[in-house]
Amino acid sequence: TSFGFKEVQEEEKSQMVSNVFSSVASNYDLMNDLMSVGLHRLWKDRLVSKLSPFPGMKHLDVAGGTGDIAFRILETVNSIRSRALQDPCYDPLQEETEIYVCDINPNMLNVGRKRAIERGLGKDKSLIWVEGNAEALTFQDNSMDGYTIAFGIRNVTHIEKVLDEAHRVLKRGGRFLCLELSHVEVPVFKEWYDYYSFSIIPALGELVAGDRESYQYLVESIRRFPNQEKFASMIADAGFRKVEYENLVGGVVAIHSGLKL
Ligand code: SAM
């Protein structure tokens, strides 16, 4: 039946995603830097600046295995905190920041834990690593001030479930932010970008990571992902308000945001 076929396809997709990330985990940073010519760092900075992190916040970063987003949030919180500590009226015990990093793949979480140690954040109690599925989170309703997902939602089986879960775990007033590779519509740049993604990325994957197939899959998954407007309407359908998006580099990536009101 077509239902059975769909189920097989979905199972294959989760297995494929799991294989892809197990295979790329160790080359992950190098490939990100090469493919985005270092720009992914600026995009992640931009995502965190839109979040406006604050000491005492409860935050959930989903598909956050490498810790890239969580470290930025924590470093922002720590710098606000150290400035506030100079104020004699400030009571640091009042706030306990909790930043949960949730990822389905234990290899990616291990990469993140290792990098936390390298960054001097190994003993920071605010960072909490959790193995889990974005489509069925184990966190309570209305428990988070913020939710981020960077380069993660494109790989899930049911985008709607992820958005529903994000809405469920956020408190009222909580912010949803998603950074994702998106669609370029600018003429000429679009042709150049297509050539870059279909020819150069898989070749780079083969050369650097010895894995053309995973990077071929990555490029195809970008093409299949809904465009900016469609994705914004899916976020609104999940119940978010004030949904907007910002294109970076002509839509190579987009940051979508929404509020739970
Ligand atoms: N957010 C990090 C970053 O920006 O560098 C990592 C992004 S990486 C491209 C995508 C991550 O999504 C992988 O670590 C993968 O294990 C995770 N992932 C895929 N499907 C997931 C799911 N259903 N639930 C949670 N994490 C998932």
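Here are four short exercises on the helices and the ligand site of this predicted model, each with a worked solution.

**Exercise 1. Work out how helix α7 is oriented against helix α8, and which residues join them.**

Let's begin with the geometry. Two packed helices are described by the angle between their axes and the distance between the axes. Helix α7 covers residues 189-209 and helix α8 covers residues 212-224; their axes lie 7 Å apart, at an angle of about 150°. Angles over 145 degrees count as roughly antiparallel, so α7 is roughly antiparallel to α8. The crossing of α7 past α8 is right-handed.

Now look for the partners. From α7 come S197, F198, I201, P202, L204, G205 and E206, and they meet R212, S214, Y215, Q216, L218, V219 and I222 of α8. Sorted by class, the residues of this contact are 8 nonpolar, 4 polar and 2 charged.

**Exercise 2. Find where α7 bends, and describe what follows the helix.**

Walk along α7 until you reach I200, where the helix bends by about 35°. Keep going: within four residues comes a proline, P202. P202 is also one of the α7 residues that meet α8. Past the end of α7 you find G210, which has a positive phi, near 60°.

**Exercise 3. Describe two more helix pairs, α2 with α7 and α3 with α4, and the classes of residue in each contact.**

Start with α2, residues 28-35. Its axis and that of α7 come within 11 Å and cross at roughly 145°. Here too the crossing is right-handed. On the α2 side, L30, M31, L34 and M35 take part; on the α7 side, their partners are I201, L204, V208 and A209. Count the classes and you get 8 nonpolar residues, with no polar and no charged ones.

Next, take α3, residues 39-51. Its axis is 10 Å from that of α4, and the angle is about 50°. The two helices are therefore oblique to each other, and their crossing is right-handed. K44, D45, L47, V48 and L51 of α3 make the contact with D68, I69, R72, I73 and T76 of α4. This contact has 5 nonpolar, 1 polar and 4 charged residues.

**Exercise 4. How many residues surround the ligand, and which are the closest?**

First, the count: the ligand is surrounded by 21 residues. The closest are A63, G65, N105, M108 and A134.

Then ask which helices contribute. Both α1 (2-24) and α4 (68-84) supply at least two residues each to the shell.

Finally, sort the shell by class: 11 residues are nonpolar, 7 are polar and 3 are charged. You have now met α4 in two roles, as a partner of α3 and as a supplier of residues around the ligand.

Key:
Residues are numbered from 1 along each chain as its sequence is written. This is a predicted model: local features need pLDDT of at least 70, side-chain atom pairs count only at pLDDT 80 or more; totals for chains, interfaces and linings use all residues. Axes are lines fitted to C-alpha atoms, for helices over the stretch in contact, and angles run from 0 to 180 degrees between N-to-C directions. Angles under 35 degrees count as roughly parallel, over 145 as roughly antiparallel, 65 to 115 as roughly perpendicular and the rest as oblique. A crossing is left-handed if the near helix is turned anticlockwise from the far one by less than a right angle, and right-handed if clockwise. Two residues are in contact if their C-beta atoms, placed from the backbone, lie within 7 Å. Ala, Val, Leu, Ile, Met, Phe, Trp, Tyr, Cys and Pro count as nonpolar, Asp, Glu, Lys and Arg as charged, and the others, Gly among them, as polar. A residue is near a molecule or strand if its C-beta atom, placed from the backbone, lies within 6 Å of it. The bend at a residue is the angle between axes fitted to the seven residues ending there and the seven starting there.
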